[in-house]
Amino acid sequence: MKLKFAMTLGVAVMVLAAACGGGQPEEVAPVPNQDSIAAEQARRDSLAREQARRDSIARARRLEEESIRREREEAVRMERELTEAVLAILMTHVNFDFDRSSIRPGGDTEVLEMKLAVLQANAGLEVVIVGNADERGSDEYNMALGMRRALSAKKWLTDRGIAPNRVAVRSMGEEDPVDPRSNEEAWAKNRRDEFAVVVGGDVLILPPGM
Amino acid sequence: MTRLCRAARSVLTLAVAALVLTAAPLAAQDPPIEQGVRIGITYTPGLRPGMLVLGGARGVVLDSVRAILQRDLRYSDRFEMITLPGGDSLFLGSAGAFVNHSLYAALGASFAVAIRADADTATAQVTLYDVRGETARRTIALVLKPLDDPDFRMSVHRVADDIVRAASGEPGSAATRLLFIQRGRLRRVDFDGADVATISPFGVAAFSPAWAPGGDQIVYTELSEGWGRLVVGDPLGDVFLPVPETEGLLNYAAAFSPDGALVAFARSGDEGTEVYTYNLARDCCLQRLTVGRFSDNLSPTFSPDGRRIAFVSTRAGLPQIYVMAADGTGQELFAPFDYGVTGSSLAPEWSPDGTRIAFHRDVVGSPQVFIMDARSRMVRQLTSAGRNEDPTWAPDGRHIAFISSRTGRRQIWVIDVETGRVRQLTQAGDTRLPAWSPRIPESTNP
């Protein structure tokens, strides 16, 4: 019995060796008998095991790829969230007093300081500042006043080292109110600089410490 | 009230009948009133000559001609329009050659206008009578166009202007239009408030329109994303061509030179806001006229001789009115102001005769329309009710259109500079930046 088993194993190993040998011709045409059936069974078992092993490896690889992809997506999502956070800093309005274009100390200066940090952290970023006025005052004068407000913020940034060619200026005068009402609250909101990205806004780095 | 009117009307009819009966003998005497006949009309003769538009043959077209003429002559503010209650003036017939000068004189008229239609030729003869001199001063032929003809109203306005000139020696301003901005669209309206139409295409924000001297071209700014280019074209057409070298920059507040060759405008950019000219006739030669550095210069307006440009500058802090030669030299303060007291002064426009400049100036936080004598530089405030801004001269040099919020919403109003009389021109929506045309030439009407 032991011998028979050993023989079967021997045949199986031979068969396996032949199978794994890759290209070696099979010289003995087996005659179906008890042993060969067992050997065939063993060969099938062995193939199944091999298949299982391969499946396992593929599964592991798939999982790994999935995990890498998820990590990459997570990174992209983080990057996008960061970019959006940076853009939110850029989009914050700078507001002005009536018929004035000077940068007010306090909140408006803090807003500009954050924008300055963003421009410093993102060397490829170029922006446009669009100045706006409230509906009071002459329509044509308000166009000039809006430009004066955009230039005022631009000067604040370039005085602190930002290259002038990274900051474009435009004016919408009183033509583009964010609040169309005619009261103090609306006028205060409408007297503003708006910032927009010209180039380099796809991926933005959050400045250190923010 | 109705009874009173009826009573007044019957008194008047009797009086007119009595006068007509006695008119022939009265005509021989001077003055006719001495006969003791009293006319029951509550008309007090003022400094202005009385004007009577006579009735005559009826008809839809003729009635409209009469109504438009009557209103144009009233809007000229040069005459005391004599209207009889209940439309009795319609019965003061002018059929045939019979003209009852003494009757018109008794009614207070210095001038009478008769409209006689010739059905065969579809024309009308509009005659202005000098009632005191008992002569026909001027007869104008009017081609009677159908009411729905786009030029119908303008053709009557032209006759009204001819009558104003023949009667007063001064130009009228009936055959004119105004441009204005309403919710971002450039629109136009006839001087009497009729025929409102949109000029600028949908989706384009229009700004600061102005007329070329001939009245056949206009310029305005097309705003987009904080940029503004100037475009020039026919106000009745739909083709507007950009002024070269104004693309991709913010240009506005354009004004033509009196010869139509130059367009002056404000440009806002990295240098602030400065006045430039571009030579449209030679299609070249962009020239910068002001150098502000820390101040803004804008809203140029040529003197009618083309030699000077008035403009707004913030060089003294608040915006005020300055003047320079048309080449930019000799810049100086134009409208005097008290530093720290006088409010912002903006939107100057030189009068067609060159003697005055209209502008608006902040008075206790509200803009008001002022005029300044160009020679003496004496300044006079014209308005006080509500916010009144952006004045623009009529070609008669006597009327100014401006934006007023006196009824709540910003509308175009017209003021007679001589008398201070005002009328509202537009009725609906928020109107801004009016520009009054020169007399509209016949050829540009469709």
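This passage describes the confidence, the secondary structure of chain A, the disulfide and the cavities of a predicted model.

The confidence of the prediction is considered here for chain B, whose mean pLDDT is 87, with 86% of its residues reaching 70 or more. Residues 10-45 of chain B stand apart from this average, in that pLDDT stays under 50 over this stretch, for which the model nevertheless has 30 contacts beyond four places in sequence. Where pLDDT is low, the predicted coordinates should not be read in detail.

Chain A comprises 210 residues, of which 35% count as buried, and its secondary structure consists of 5 helices and 4 strands. Read from the N terminus on, these elements of chain A follow the order α-α-β-α-β-α-β-α-β, that is, two helices precede the opening strand, and strands and helices alternate from there to the strand that ends the series. Among the contacts of chain A with a separation of 6 or more, 78% are made by residues 24 or more positions apart.

A search of the whole structure returned 1 disulfide over all chains. This disulfide joins B:Cys284 to B:Cys285, with an S to S distance of 2.0 Å, and thus links two residues with consecutive numbers in chain B. The torsion about the S-S bond of B:Cys284 and B:Cys285 is about -60°, so the disulfide is left-handed. The two partners fall into separate accessibility classes: B:Cys284 has a relative accessible area of 19%, which is under 20%, and therefore counts as buried, whereas B:Cys285, with a relative accessible area of 40%, lies between the limits of 20% and 50% and is therefore partly exposed.

With regard to internal space, a search of the whole structure identified 2 cavities of 30 Å³ or more, and the largest cavity has a volume of about 50 Å³. The lining of the largest cavity is formed by residues of chain B, namely B:Asp72, B:Tyr75, B:Ser76, B:Arg78, B:Asp161, B:Val164, B:Pro171, B:Gly172, B:Ser173, B:Ala174, B:Phe191 and B:Asp396. Two helices of chain B, α2 (60-75) and α4 (152-168), each supply at least two residues of this lining; B:Asp72 and B:Tyr75 fall within the range of α2, while B:Asp161 and B:Val164 fall within that of α4. By class, the lining of the largest cavity is mixed, with 5 nonpolar, 3 polar and 4 charged residues, the charged group being made up of B:Asp72, B:Arg78, B:Asp161 and B:Asp396.

Notes. Residues are numbered from 1 along each chain as its sequence is written. Chains are lettered from A and ligands numbered from 1 in the order in which they are written. This is a predicted model: local features need pLDDT of at least 70, side-chain atom pairs count only at pLDDT 80 or more; totals for chains, interfaces and linings use all residues. Side-chain values use heavy atoms; hydrogens and water are left out. On a 1 Å grid over the protein atoms alone, a cavity is a set of points where a 1.4 Å probe fits but cannot get out, and a pocket is an open set with protein on both sides within 12 Å along at least five of seven lines; lining residues have an atom within 4 Å of a point. Grid points are joined across faces, edges and corners, and a volume is the space filled by probe spheres set on the points. pLDDT is the predictor's confidence in each residue, from 0 to 100. Contact means heavy atoms within 4.5 Å. A disulfide is a pair of cysteine sulfur atoms within 2.5 Å. Buried means under 20% relative accessible area, exposed over 50%, partly exposed in between (1.4 Å probe, protein chains only).
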